[in-house]
Amino acid sequence: MPFYRKRFDEMGLNPTHIKTLADVTLLPFTEKQDLRNHYPYGLLAVPKDNIVRLHASSGTTGKAVVMGYTARDLENWSEMAARSLAAAGVTRSDIVHVAYGYGLFTGGLGAQGGAEYMGATVVPASGGASKRQAHLIRDFGATVLCCTPTYALHLWEAGMEVGINFRDLPLRIGVFGAEPWSEEMRRDMEDKMDINAMNIYGLSEIMGPGVAMECVGSKCGMHVWEDHFLPEIIDPATGEQMPDGETGELVLTTLTKEGVPLIRYRTRDLTSIDVTPCVCGRTHTRIARLRGRTDDMLIIRGVNVFPQQIESLLMESEGLTPNYQIIVDRANNMDTLEVRVEVSDTLFADEIRKLQLLETRLQKNIKEFLGISTKVRLMEPHSIARSEGKAKRIVDNRALD
Ligand code: DLL
């Protein structure tokens, strides 16, 4: 591919320099900006005729990133997505309701490819029309739900509004990913829906859902399919590799991708690698639940904060829901942080004084654990906008200054 050839030439790097796996550190990183700079087809490593599908991610800022897949790429992806579903406990007897968005986003078609590959029955629902979806989940007897964790909660709410309680249905597994969520949120969802809520990871640039997946045996980190991807953790500031177990930025090299193979792609996702044996028996290394993205990190008066840390603290309190939003602003040159979180219907019916005490307690907890002062505002149930895909957790008004 001309892009890498040029880069290697500039660095004076040739194949004889790469002798062992450790030499991967001699290779340059690839960044999202590289993909943007070569929009749309500049990074294809095969003739365009061999590309059978395109996906794209718009991201929150900037130009879209376009990825091309060969027939073999799609075959591998389906196989890995099927493997991922199997790790979550899905079998060919399951009815898999896919409520990830279909289209250029990889979620819908990726989950569908995996479920079909293993021979399960797919309901390609996509996002939207949530009450109708709740009916479909009940009527078709879905046993597996694939969507973002926030959309799953929205579907659950929509179900409750029309008298359908997921707890009473055969639903048994959730395959949730595409956005950060916490262990506390998992517990909440498992409790509300009586399911195993499983974490799936992926990104458009590398493949889509199924780059890594938790196993139902341990629910302790996501197995990276290392026969297709080489994971590394680097210090995001220096680019140096970090030892196993330490948290840093995940870097992935594709080993089998044909359409757009990527070398040392900087995902911006923060996690750590765990090479200890897993109780499930799989030998693939695991990455920990993602801590956030380097570009999602808020720096509030010098303190680094990730939305998920706040989520974990909120979810420890009885009566709060996982519907929250963080509003960042600036007043008199000082960053301010407001955390809005919806309370449950029962808590909302409680005395005002109780709610005020809870606000104060949450503010104190956040101050104690994260070292930042916040204003916590308890909100009426259903007052924060729901999303059909990835939730928008941060509203940063500072840019408007
Ligand atoms: O979100 C692919 C996907 C679809 C993954 C369905 C899982 C399920 P993108 O839209 O390109 O692709 O976004 C990728 O989403 O770099 C992470 O920051 C975030 N992300 C994905 N999975 C998880 C997860 C799809 N399980 C970006 N936990 C990634 C936390 C996740 N963040």
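**Exercise 1. Find which residues His154 touches in this predicted model, skipping its neighbours within four places in sequence.**

Step 1. Start at His154 and ignore anything within four places of it in sequence; what is left in contact is Ser130, Arg386 and Ser387.

Step 2. Now place the residue: His154 belongs to helix α6.

Step 3. Is His154 buried or exposed? Buried means under 20% relative accessible area. His154 has 18%, so it counts as buried.

**Exercise 2. Work out what Glu157 is in contact with, and which side chains it joins by polar contacts.**

Step 1. Glu157 also sits in helix α6. Its relative accessibility is 12%, so put it down as buried.

Step 2. Leave out the neighbours within four places in sequence again, and Glu157 is in contact with Asn323, His382 and Arg386.

Step 3. Look at the side chains. Glu157 makes a polar contact of 2.9 Å with Arg386, and one of 3.5 Å with Asn323.

Step 4. Try a pair with a big gap in sequence: Glu157 and Asn332 are 175 residues apart along the chain, and their C-alpha atoms are 40 Å apart in space.

**Exercise 3. Trace the open sheet of nine strands and say which strands lie at its edges.**

Step 1. Walk across the sheet and you'll meet the strands in the order β4-β3-β5-β6-β7-β8-β9-β14-β13. The pairing is mixed.

Step 2. The edge strands pair on one side only, and they are β4 (121-124) and β13 (273-274).

Step 3. Zoom in on β7 (residues 196-203) and β8 (residues 208-214): these two run antiparallel, with four bridges between them. Find Tyr201, then hop over to β8, where Ala212 is its bridge partner.

Step 4. Add the helices. Helix α4 (residues 106-118) lies across β3, β4, β5 and β8, and runs at about 60 degrees to β8. Helix α6 (residues 149-161), the home of our first two residues, packs on the sheet too. It touches β5 and β6, and its direction makes about 125 degrees with that of β5.

**Exercise 4. Check the length of helix α10 and find its buried side.**

Step 1. Helix α10 (residues 352-370) has 19 residues, so at 1.5 Å a residue it should span 27 Å. Its end C-alpha atoms are 27 Å apart, which agrees.

Step 2. List the buried residues of α10: Leu355, Leu358, Leu362, Asn365, Ile366 and Leu370. They cover an arc of only 95 degrees around the axis, so they are on the same side of α10.

Step 3. Why can residues spread along a helix share a side? An α-helix has 3.6 residues a turn, so residues three or four places apart point the same way.

Step 4. Flip to the face turned away from the buried side of α10, and you'll find the exposed residues Arg353, Leu357, Lys364 and Glu368.

Step 5. What do the buried residues of α10 pack against? Their partners include α8 (307-315), β18 (320-331) and β19 (334-343).

Step 6. Step just past α10 and you reach Gly371, with a positive phi of about 80 degrees.

**Exercise 5. Do the two-face check on helix α1 (residues 2-11).**

Step 1. Phe3, Tyr4 and Phe8 are buried in α1. Their arc around the axis is only 120 degrees, so they are on the same side of α1.

Step 2. The face turned away carries the exposed Pro2, Arg5, Lys6, Asp9 and Glu10.

Step 3. What covers the buried residues of α1 includes α2 (32-37).

Step 4. Just after α1 comes Gly12, with a positive phi of about 70 degrees.

Technical notes. Residues are numbered from 1 along each chain as its sequence is written. Side-chain values use heavy atoms; hydrogens and water are left out. Two strands pair if DSSP finds at least two bridges between them. Contact means heavy atoms within 4.5 Å. Axes are lines fitted to C-alpha atoms, for helices over the stretch in contact, and angles run from 0 to 180 degrees between N-to-C directions. Buried means under 20% relative accessible area, exposed over 50%, partly exposed in between (1.4 Å probe, protein chains only). A polar contact is a pair of N or O atoms within 3.5 Å; within protein, one must be able to donate a hydrogen and the other to accept it, and residues adjacent in sequence count only if both atoms are side-chain atoms. The expected span of a helix is 1.5 Å times one less than its number of residues. The arc is that of the directions from the helix axis to the C-beta atoms.
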